[in-house]
Amino acid sequence: GDVVEAKIMKAKKNYAYAKLVKIVTPSAYRVDKPACPMARSCGGCQIQEMEYGRQLKFKEDKVRENLIRIGGMPKETVSEIMEPIVGMEEPFAYRNKAQFPIGTDKDGKIVAGFYAGRTHSIIPNTRCVLGVDVNERILRCVIDFMEEYGISAYCEEEHCGLVRHVLIRYGFRTKEIMVCLVINGAEISHGDVLAKRLAGIEGMTSVTLSVNRERTNVIMGKEIRLLWGQTYITDWIGDVKYQISPLSFFQVNPVQTEKLYGLALEYAQLTGEETVWDLYCGIGTISLFLARRAKQVYGVEIVPEAVVDARVNAKVNGIGNVEFFEGKAEEVLPEFGRRFEEEHGGRKCHADVVVVDPPRKGCDEGLLRTIVEMGAKRVVYVSCDPATLARDLKVLRGEGYEVERVRAVDQFPHTVHVETVVMLSHKKPDSVINVKVEFGEGEGKVPLDNIAKRAEAYKPKERVTYKMIKEYIEAKYG
Ligand code: SAH
């Protein structure tokens, strides 16, 4: 709604990129003063200058338009089934995790902050309004230590210097703090001094190093080394307790996560009799949430450390009806199905409910087909990108599933990102007719002798299977 003066930076055939030069007439939805003075330049918040209520509408519209445009769903259906977005009462200081890049400014001073939008230049800012207060104290402690002991900050262009990022995690319920320094090296000199200083901060539970010597914009390195305390912190969502390691995915907004998982549970409509798959399960967060109401839950996750956490989490919570598999969901699930068939004399593996919560790129198409083959009655899709969600829903709708419920959840206030939960059910017939047929001789009865012959004519043609092709090739060409 703003009227602005803008400079076009790049013009494409159907759209262009422009840079805001001046706001001529501000929109009615523009806030007078954003909470963070860096809101415009920082790449973290894209819409902090928009009133929160309007942000929610913006996100809801985004989900709706994607479902219509990419998902091919009729507009009326979408309007009918979409439930109101779940917003936050206090949309600040909600993040339990922050990753601050460390660098050097023009005067050679160590800085921590955030990347400017679409760049890798650091805007110094240790007081992010989305994060918790203690972040600032931790960063100050790290920067002072680096200055004092002459420890260098990483430089991306030259691929030199030591400290790349500082990862901070905070348990909202337990108040436990984790600090992990990502370094371009094997160790940090005087690490014991730093550890001791950090340990003086109330709640400090875990101080680690993550070794990342690659020339990459992936933040974390694969190796974690303990500097002080333990390698994980603990936190709660609802009445489930989770152990979280530096490399494991954990939802960043605990207040909204509880609402999100509550919805996933509601949409799953469990009675206690179901076999449930939780694909892309991370540290088993959703799996454990569902396990109390299902017969058996299987989780699949690609990051080995997360799977270890998931298994520990099941044990810590005394939940016995879950099993976790490490690997790609699109490989683990069909493999499980194959093995099941072998072990059960050709009987197909069946799933009652499948929950998927993939990263932004969405689900592998082959995986969606496997879910269909497993005959899931319901699919609960938790998505962090409405575009790939809509694409995947189109595939499932083409396979006889119907989108029954959709609800957006604002996990990331002040950013353009939005989480969505969708419930799909396998379509039931629109209506049913009952026909009574009596077989045998006599009036009004259908003679049996013709039945077999007619049935033969209607029998579907045999389909060529991979197994048959293999046998044919084997027989013909050895
Ligand atoms: N459901 C979890 C995690 C969701 S994030 C939660 O709510 O906390 C997505 C997860 O998918 C991440 O943990 C990521 O490591 C994992 N992942 C990414 N690609 C995958 C794949 N192909 N197969 C299985 N897991 C994958």
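Let's start at the ligand: one of its nitrogen atoms sits 2.9 Å from a backbone N or O atom of A329. Keep in mind as you look around that this is a predicted model. Two side chains also reach toward oxygen atoms of the ligand. In the side chain of Y261, an N or O atom is 2.4 Å from a ligand oxygen, and a polar side-chain atom of Q251 lies 3.3 Å from an oxygen of the ligand. How much of the ligand does the protein bury? Taken alone, the ligand exposes 580 Å², and the protein buries 91% of that.

Now let's look at who makes up the surroundings. There are 17 residues around the ligand, and those that come nearest are Y261, T285, E301, A329 and D357. Sorted by character, the shell holds nine nonpolar, four polar and four charged residues. Two helices, α6 (285–291) and α8 (329–343), are the elements that give two or more residues to this shell.

T285 deserves a second look. You'll find T285 in helix α6. Is T285 buried or exposed? With a relative accessible area of 7%, T285 falls under the 20% cut-off, so T285 counts as buried. To get a feel for distances in this model, travel from T285 to L448: these residues are 163 apart along the chain, and their C-alpha atoms are separated by 57 Å.

Next come the charged pairs. Side chains of opposite charge can pair when their charged atoms come close. How many salt bridges does a search of the whole structure find? The search turns up 21 of them. Take D2 and R30, whose side chains meet in a salt bridge with N and O 2.5 Å apart. D2 belongs to the segment before β1 (3–11), while R30 is in the loop between β2 (16–25) and α1 (52–69), so this pair ties together parts that are 28 residues apart in sequence. The partners also differ in how they are covered: D2 is partly exposed at 28% relative accessibility, whereas R30 is buried at 19%.

There's another bridge to find here. E49 pairs with R40, and the closest N and O atoms of that salt bridge are 2.8 Å apart. E49 has a relative accessibility of 19%, so E49 counts as buried. Put these pieces together and you get a network of salt bridges that links D2, R30, R40 and E49.

Now jump to helix α12, which covers residues 466–477. Does the length of this helix make sense, and what should its span be? At 1.5 Å a residue, its twelve residues should span 16 Å, and the end C-alpha atoms are indeed 16 Å apart, so the two values agree. The helix is hardly covered: of its twelve residues, the count of buried ones is zero.

Helix α12 has a salt bridge of its own, between E471 and K467, with the closest N and O atoms 3.9 Å apart. Why can these two meet? An α-helix has 3.6 residues a turn, so residues three or four places apart point the same way. E471 and K467 are four residues apart in α12, which means about one helical turn separates them. E471 is partly exposed, with a relative accessible area of 46%, and K467 is exposed, at 58%. Just after the helix comes G478, whose phi is positive, near 65 degrees.

That brings us to some backbone angles in loops. A93 is a residue other than glycine, yet its phi is positive, near 50 degrees. A93 sits in the loop between β3 (82–86) and β4 (97–104), and A93 is partly exposed, with a relative accessible area of 36%. K175 isn't a glycine either, but has a positive phi of about 65 degrees. Its place is the loop between β7 (163–170) and β8 (177–183), where K175 is partly exposed at 48%.

One more loop to visit: N125 lies between β6 (122–124) and α3 (134–148). This residue is buried, with a relative accessible area of 10%. What does the side chain of N125 come up against? A polar atom of that side chain lies 2.9 Å from the backbone nitrogen of R127.

Notes
Residues are numbered from 1 along each chain as its sequence is written. This is a predicted model: local features need pLDDT of at least 70, side-chain atom pairs count only at pLDDT 80 or more; totals for chains, interfaces and linings use all residues. Side-chain values use heavy atoms; hydrogens and water are left out. A residue is near a molecule or strand if one of its heavy atoms lies within 4 Å of it. A polar contact is a pair of N or O atoms within 3.5 Å; within protein, one must be able to donate a hydrogen and the other to accept it, and residues adjacent in sequence count only if both atoms are side-chain atoms. Accessible areas come from the Shrake-Rupley method with a 1.4 Å probe; for residues, only the protein chains shown count as cover. Ala, Val, Leu, Ile, Met, Phe, Trp, Tyr, Cys and Pro count as nonpolar, Asp, Glu, Lys and Arg as charged, and the others, Gly among them, as polar. The expected span of a helix is 1.5 Å times one less than its number of residues. Buried means under 20% relative accessible area, exposed over 50%, partly exposed in between (1.4 Å probe, protein chains only). A salt bridge is a side-chain nitrogen of Lys or Arg within 4 Å of a carboxyl oxygen of Asp or Glu.
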